[in-house]
Amino acid sequence: MFTRKEQVLLKDYLKNHCIRLTTTMNADVTVVSGSEDVSPGKENGALPCETQHENNTPPEQPREASESADLIPVNLQSKDDAQLPQPEVQLSKRQRKKLLKMESWEIKKKEKRLQEKEKCKAKRIEAINRGLPVRTGPSRKELKRRKMNYDEATAEVVVDLSFDKMMIDKDVAKCVKQLLRMYTLNRRSEKPIPLHFSGITEGGAVEKHLAKHDGYQHWDVRFSSEHFMKLFDPKQLIYLTSESDNLLERLERDHVYVIGGLVDHNQHKGYCYRLAEEFGIRHARLPLNEHLVLKTRTVLTINQVFEILLNINLGKGWQQTLLDVMPARKGATAKQSETSE
């Protein structure tokens, strides 16, 4: 038998996988075993349930019963007879382990949020005791009042999100999480860059994961289901891809930089480069090897590429920007022959 927590998790699991176990919990069941039992229908001249159907076929369930059926993760019993055959839910070892993992994550998530709140509270108290300003950035009200001026922008960034069918659901979730990180960085920047999210398939995986974030439609971002090639002049577009031979040395005025919204763990290597070649637009790569010594490959996440562009747009040098943005696990170090710009 499952524990109470396992039953609740199993119920959610069955709902998510569209498995419905129909049963009539409150229906009166009459079993004819040689004795004269009076069923609710027998008073009106109806025969017992065994004689109403030929070939021993079970009677059809009433419509109300099937519509009100619930998902039950334990052995099912009728109200009057516990000896009837009872359908059982069989879970594999992997499924059971997954349910326990989900339960553990829910508990840890709440604990982690509490720890983060306590950490922020401790930092605030420490800042007050030291006489330091409590707020280190703009307030939420100030951020809400900020609006992007697209007419005064010197450069723009568009994320190509037309890769729904090339990613599994888990990778789509990671992609949307990176978009959220991009928006947060841009929103808090002193000099934000106009952002476009294009190629979003209506009812597609990206849109469904975006919908999990309440109010995403109100972000200071231009969403579009159109492909970026239809939104901008092809002469203004520069697709950023690590396979390009062209080096990005600066952000050109009145140009739009395209970032491929594809999280594939290098499964479709060079795909964005081939797209740029197919569309006949310019492409370029970030100057990672020119400024850094890397121990791993030079593939970056969507938000990391955007953060680099954001810092360059603020006037920072390439080498320092790359060192600040590159994660520590890549073991990036500055090239001795290069100096910060």
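I will talk through one annotated residue, then the sheet, and then two of the helices.

Please keep in mind throughout that this is a predicted model.

Let me start with Asp 264, which the UniProt record, an unreviewed entry, annotates as "active site". In the model, Asp 264 sits in the loop that runs between β5, residues 255-260, and α8, residues 271-279. Is Asp 264 buried or exposed? Its relative accessibility is 11%, and because buried here means under 20%, Asp 264 counts as buried. If we leave aside residues up to four places away in sequence, Asp 264 touches Asp 171 and Lys 269. There is also a polar atom of the Asp 264 side chain that lies 2.7 Å from the backbone nitrogen of His 268.

From that loop we can step back to the sheet, since β5 is one of its strands. The sheet is open and has six strands, in the order β3-β2-β1-β5-β4-β6, with parallel pairing. At the edges are β3, residues 222-223, and β6, residues 282-284, each of which pairs on one side only. As a reminder, strands of a sheet pair through backbone hydrogen bonds, either parallel or antiparallel. To take one pair in more detail, β1, residues 155-160, and β2, residues 195-198, are joined in the parallel sense over four bridges, and within this pair Val 157 has Leu 195 of β2 as its bridge partner.

Now to the helices. Helix α10, residues 302-313, lies across β1, β2, β4 and β5, and the angle at which α10 runs to β5 is about 155 degrees.

Helix α11 covers residues 318-325, and its buried residues are Trp 318, Gln 319, Thr 321, Leu 322 and Val 325. Viewed down the helix axis, these buried residues fall within an arc of 165 degrees, so they line one face of α11. Which elements do the buried residues of α11 pack against? They pack against α9, residues 288-291, the strand β7, residues 292-293, helix α10, and β8, residues 333-334. Helix α10 therefore comes up twice in this account, lying across strands of the sheet and packing with the buried residues of α11.

Note on methods. Residues numbered from 1 in each chain as written. Predicted model: local features only at pLDDT ≥ 70, side-chain atom pairs only at ≥ 80, totals over all residues. Heavy atoms only, no water. UniProt positions renumbered as here; feature names shortened; annotations may be inferred. Helix = DSSP H or I, 4+ residues; strand = E, 2+ residues; numbered from the N terminus. Buried < 20%, exposed > 50% of the residue type's maximum accessible area, 1.4 Å probe, protein only. Contact = heavy atoms within 4.5 Å. Polar contact = N/O pair within 3.5 Å; in protein donor to acceptor, adjacent residues only side chain to side chain. Pairing = 2+ DSSP bridges. Axes fitted to C-alpha atoms, helices over the stretch in contact; angles between N-to-C directions. Arc of directions from axis to C-beta.
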